[in-house]
Amino acid sequence: GYSGKRIYASNDQNNSEERENQEQGLRFFLQTIFRKQNFRDGQLEAISNTLRGGDSVVLLPTGAGKSIIYQLSGLLMPGLTLVVDPLVSLIEDQTRVLQQYGISRVLGVMSTTSRRMTAQLEQVQAGQFHFLMVSPERLQTSAFRKAVRTLAQNTLINLAVIDEAHCVSEWGHDFRPSYLNLSRNLRIFCRDSFGEPPALLGLT
């Protein structure tokens, strides 16, 4: 996998011509890969900010296309996109949707055996996947933390996504305490070989 420095889009928002060119380029990929004619409200702004290396929390109605924000951003940046989903069914659904768009290099880590998990992460490190999807509890285990830290040193994690981010407040203090330290853990364990963490994208 790619292990060089992070590459970001230009942050010069005062240059209207450059901004327009960037937007046209993003629409081209939206139409070509996802077969959508135009961005919905909030999508373009969130994708642009992510490609500039900025953190974002995106609040959109159900069915408004939140997933395309991380999917398009992740495809356009070198490296691997790590997505944290609260439910196995969501991991399976996101994997299925990406495959429908012809993006097959997606891995959902749902195995309970350390041997199987290690084998999967070795595949990721070899550059076989663009998207890695896990549950928040994975980052609570020392074995997975070590595996992700090793992975991040060899394969750039270009973006860390917290899907259904409202679970941080709804479940964090009670049902899913693993959500409480999620953003901190992502910044710590996903740092690249230069010590820089990936941008964080919260979707809800």
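# Exercises on pockets, a cavity and helix packing

The second largest pocket has a volume of about 160 Å³, a value that, like every other one below, was computed on a predicted model.

**Exercise 1.** Work out which residues line the second largest pocket, which elements supply two or more of them, and how the lining divides by class.

*Solution.* Begin with the lining itself, which is made up of Ser114, Met117, Thr118, Leu121, Glu122, Gln125, Ala143, Lys146, Ala147, Thr150 and Leu151. Next, assign these residues to elements: helix H5 (114-125) and helix H6 (142-154) are the ones that give two or more residues to this lining. Of the contributors, H5 gives the most, with six residues. Finally, sort by class, which yields five nonpolar, four polar and two charged residues for the second largest pocket.

**Exercise 2.** Describe the largest pocket by its volume, by the residues closest to its centre and by the classes found in its lining.

*Solution.* The volume of the largest pocket comes to about 510 Å³. Its lining counts 24 residues, and those closest to the centre of the pocket are Gly63, Ala64, Gly65, Lys66 and Ser67. Turning to the helices, both H3 (66-76) and H4 (88-100) supply at least two residues of the lining of the largest pocket. The classification then gives eight nonpolar, ten polar and six charged residues for this lining.

**Exercise 3.** Determine how many cavities of 30 Å³ or more a search of the whole structure finds, and state which residues line the largest cavity.

*Solution.* The search of the whole structure returns one cavity of 30 Å³ or more, and the space in the largest cavity is about 30 Å³. Lining the largest cavity are Arg6, Ile7, Tyr8, Met77, Pro78, Leu156 and Asn158. By class, the lining of the largest cavity divides into five nonpolar residues, one polar and one charged.

**Exercise 4.** Characterise the packing of helix H1 against helix H2 and against helix H3, and give the classes of the residues in each contact.

*Solution.* Two packed helices are described by the angle between their axes and by the distance between those axes. For the first pair, the axes of H1 (residues 16-33) and H2 (residues 43-51) come within 11 Å and cross at roughly 110°. H1 is therefore roughly perpendicular to H2, since angles of 65 to 115 degrees count as such. On the H1 side the contact is made by Glu23, Leu26 and Arg27, and on the H2 side by Leu44, Ile47, Ser48 and Leu51. This contact of H1 with H2 comprises four nonpolar residues, one polar and two charged.

For the second pair, the axes of H1 and H3 come within 11 Å and cross at roughly 105°. Here too the crossing makes H1 roughly perpendicular to its partner, in this case H3. The contact joins Leu26, Phe29, Leu30 and Ile33 of H1 to Ile68, Leu72, Leu75 and Leu76 of H3. Sorting these by class gives eight nonpolar, no polar and no charged residues for the contact of H1 with H3.

**Exercise 5.** Summarise the overall fold of the protein chain by its secondary structure, and explain what its radius of gyration of 16 Å agrees with.

*Solution.* The protein chain holds eight helices and six strands, which follow one another along the sequence in the pattern α-α-β-α-β-α-β-α-β-α-β-α-α-β. As for extent, the C-alpha atoms fill a box of roughly 50 × 35 × 30 Å along the principal axes. A compact globule of 204 residues would have a radius of gyration near 17 Å, so the 16 Å of the protein chain agrees with that expectation.

How values were computed: Residues numbered from 1 in each chain as written. Predicted model: local features only at pLDDT ≥ 70, side-chain atom pairs only at ≥ 80, totals over all residues. Heavy atoms only, no water. Axes fitted to C-alpha atoms, helices over the stretch in contact; angles between N-to-C directions. Helix = DSSP H or I, 4+ residues; strand = E, 2+ residues; numbered from the N terminus. Parallel < 35°, antiparallel > 145°, perpendicular 65-115°, else oblique. Contact = heavy atoms within 4.5 Å. Nonpolar A, V, L, I, M, F, W, Y, C, P; charged D, E, K, R; others polar. 1 Å grid on protein atoms, 1.4 Å probe; cavity = no way out; pocket = protein on both sides within 12 Å on 5 of 7 lines; lining within 4 Å. Points joined across faces, edges and corners; volume = space filled by probe spheres on them. Rg over C-alpha atoms; globule rule 2.2 N^0.38 Å.
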